[in-house]
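User: I should like to go through the terms used for this structure and see what each one rests on. Please set the values against the cut-offs as we proceed.

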Amino acid sequence: MTVVTDDAPVTDAPAIEEPDTRRLDDLLEDLYHGQERISQADIYRRAVAAELPAQLLTRMAALPEGEYAVDEVADLLGGSVT
């Protein structure tokens, strides 16, 4: 027979750590200064050079080829630059 009590410790599931978006926001602000649209390849290249976290680089690499406005990229990658 199993007895369930309310005294059992409650454990939180491990939190999934989201990358710090400040670095992404800084990169996007720098990239899009004076530009309306930038290609996925250029965004990825600059992100690698800026040594952004692997999780962000993976998401950037998964973007379809093409050109993006800053708000599109921010929405897709979780940044806050608009």
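Analyst: In this predicted model, Q40 is a suitable place to begin: leaving aside neighbours within four places in sequence, Q40 is in contact with M60, A61, L63, P64, E65, G66 and Y68. Q40 itself lies in helix α2.

User: Why is Q40 called buried or exposed, whichever applies?

Analyst: The relative accessible area of Q40 is 10%. Buried means under 20%, so Q40 is buried.

User: What makes α2 and α3 roughly parallel or roughly antiparallel?

Analyst: Their axes cross at roughly 165 degrees and come within 9 Å. Angles over 145 degrees count as roughly antiparallel, and α2 and α3 are therefore roughly antiparallel to each other. The crossing of these two helices is left-handed.

User: Which residues make the contact of α2 with α3, and how many of them are nonpolar, polar or charged?

Analyst: From α2 come Q40, I43, Y44, A47 and V48, and from α3 come L57, M60 and A61. By class, the contact has seven nonpolar residues, one polar residue and no charged ones.

User: Which residues have the most contacts inside the largest nonpolar core?

Analyst: They are L28, Y32, I43 and M60, in a core of 19 residues. The elements giving two or more residues to this core are α1 (21-31), α2, α3 and α4 (70-77). As for I43, its contacts beyond four places in sequence are L31, Y32, I38, M60, Y68 and V73.

User: How do you know whether D25 is buried or exposed?

Analyst: D25 has a relative accessible area of 9%. The cut-off for buried is under 20%, so D25 is buried. D25 lies in helix α1 and touches G79, S80 and V81, not counting residues up to four places away in sequence. The C-alpha atoms of D25 and S80 are 6.4 Å apart, although the two residues are 55 apart in sequence.

User: Where is E51 placed, and why is E51 called buried or exposed?

Analyst: E51 is in the loop between α2 (40-49) and α3 (54-61). Its relative accessible area is 63%. Exposed means over 50%, so E51 is exposed.

User: What is notable about the phi of E51?

Analyst: The phi of E51 is near 55 degrees, which is positive in a residue other than glycine. Most residues other than glycine have a negative phi.

Terms used. Residues are numbered from 1 along each chain as its sequence is written. This is a predicted model: local features need pLDDT of at least 70, side-chain atom pairs count only at pLDDT 80 or more; totals for chains, interfaces and linings use all residues. Side-chain values use heavy atoms; hydrogens and water are left out. Helices (H or I, at least four residues) and strands (E, at least two) are DSSP runs, numbered from the N terminus. Buried means under 20% relative accessible area, exposed over 50%, partly exposed in between (1.4 Å probe, protein chains only). A nonpolar core is a set of buried Ala, Val, Leu, Ile, Met, Phe, Trp, Tyr and Cys residues joined through side-chain atoms within 4.5 Å. Contact means heavy atoms within 4.5 Å. Axes are lines fitted to C-alpha atoms, for helices over the stretch in contact, and angles run from 0 to 180 degrees between N-to-C directions. Angles under 35 degrees count as roughly parallel, over 145 as roughly antiparallel, 65 to 115 as roughly perpendicular and the rest as oblique. A crossing is left-handed if the near helix is turned anticlockwise from the far one by less than a right angle, and right-handed if clockwise. Ala, Val, Leu, Ile, Met, Phe, Trp, Tyr, Cys and Pro count as nonpolar, Asp, Glu, Lys and Arg as charged, and the others, Gly among them, as polar.
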